[in-house]
Amino acid sequence: MCRVQVAADELAAAVMREAAAEAEREGRTAVIAPAALLPEVPHGDESGFDEQTAPPFQALTPRAAKGLEFDRVVLVEPAAIVEDGERIDGLRALYVALTRSTKTLVVVHSRALPDELSGTDMRGV
C-alpha cells in the first residue's frame, strides 16, 4: 500500500496522476472515492469522453465497488468515506474500498487518515 498526501487543492490532480500511472500497468484499474468527490474524477461514459478518449480506469464509490476486484486501486480521501455513513457503516465502506485491489493500492488524501488507518505502516508495500 502506498500513501500520497497532498494539499486539498491538489487532490483531483494527484488522483488523476496516480490513476493514470497505475492504468499504464497490466490489469484493471479503479478509482474508489466518496460520492461527493467522484464528479472530480473523469469517467469513460460522461464529461465528453468516448470509448477512444476515456481514461483507462473506472471511477466508482465504495458501495458500487462492493463485490468487484481490480488489479490496482487508487483510494481517494478515506476520512470522507468514513464520514459518508454513520461511523460503523462508514468503516464498512472503507473496508470494502481497501479490499478491492489484488495487487496495488494507492491511498491519495489531503485530510488526516481515520484513526483506524493512521497507525498502519502504509509505506510502499
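What follows is a walk through the structure above, from its overall layout to the residues packed inside. Keep in mind that this is a predicted model.

Let's begin with the parts list. The protein has 5 helices and 5 strands. Starting at the N terminus, the elements come in the order β-α-β-β-α-β-α-α-β-α. Of the 125 residues, 45% count as buried. There's also a lot of long-range contact along the chain: among the contacts with a separation of 6 or more, 77% are between residues 24 or more positions apart.

Now for the sheet. It is an open sheet of 5 strands in the order S1-S5-S4-S2-S3, and the pairing is parallel. At the edges sit S1 and strand S3 (58–60), each of which pairs on one side only. Going from one strand to the next, the twist averages 20 degrees.

You can follow the pairings across this sheet one by one. S1 and S5 run parallel and are joined by 4 bridges; here Cys2 has Val106 in S5 as its bridge partner. Next, S4 and S5 also run parallel, joined by 6 bridges, and in this pair Leu75 is bridged to Val107 of S5. S2 and S4 then pair in the parallel sense over 4 bridges, with Thr29 standing opposite Arg72 in S4. While you're looking at S4, check how well it is covered: 7 of its 7 residues are buried.

So much for the strands; what about the helices? Take H1, which spans residues 11–23. Its 13 residues reach 18 Å from the first C-alpha to the last, close to the 18 Å expected at 1.5 Å a residue. Which residues of H1 are buried? They are Leu11, Ala14, Val15, Glu18, Ala19, Glu22 and Ala23. These residues lie on the same side of H1, because they cover an arc of only 160 degrees around the axis. The spacing in that list makes sense once you recall how a helix winds. An α-helix has 3.6 residues a turn, so residues three or four places apart point the same way.

And what covers the buried residues of H1? The cover includes strand S1 (2–5), strand S2 (29–32), strand S4 (70–76) and strand S5 (101–109). Put another way, H1 packs on the sheet, touching S1, S2, S4 and S5, and its direction makes about 160 degrees with that of S5. Another helix to look for is H4, made of residues 87–98. H4 lies across S2, S4 and S5 and runs at about 140 degrees to S4.

Finally, let's look at the nonpolar residues inside. The largest nonpolar core has 18 residues, and the ones touching the most other members are Leu11, Val15, Val31, Val74, Val76 and Val108. H1, S4 and S5 each supply at least two residues of this core, with the largest share, 5 residues, coming from H1. Val15 is a good place to zoom in. Leaving aside neighbours within four places in sequence, Val15 is in contact with Val31, Val41, Val74, Val76 and Val108. There is also a second, separate core of 15 residues, and among its members are Ile32, Ala65, Val73 and Ala97.

Notes:
Residues are numbered from 1 along each chain as its sequence is written. This is a predicted model: local features need pLDDT of at least 70, side-chain atom pairs count only at pLDDT 80 or more; totals for chains, interfaces and linings use all residues. Side-chain values use heavy atoms; hydrogens and water are left out. The expected span of a helix is 1.5 Å times one less than its number of residues. Buried means under 20% relative accessible area, exposed over 50%, partly exposed in between (1.4 Å probe, protein chains only). The arc is that of the directions from the helix axis to the C-beta atoms. Contact means heavy atoms within 4.5 Å. Two strands pair if DSSP finds at least two bridges between them. Axes are lines fitted to C-alpha atoms, for helices over the stretch in contact, and angles run from 0 to 180 degrees between N-to-C directions. A nonpolar core is a set of buried Ala, Val, Leu, Ile, Met, Phe, Trp, Tyr and Cys residues joined through side-chain atoms within 4.5 Å.
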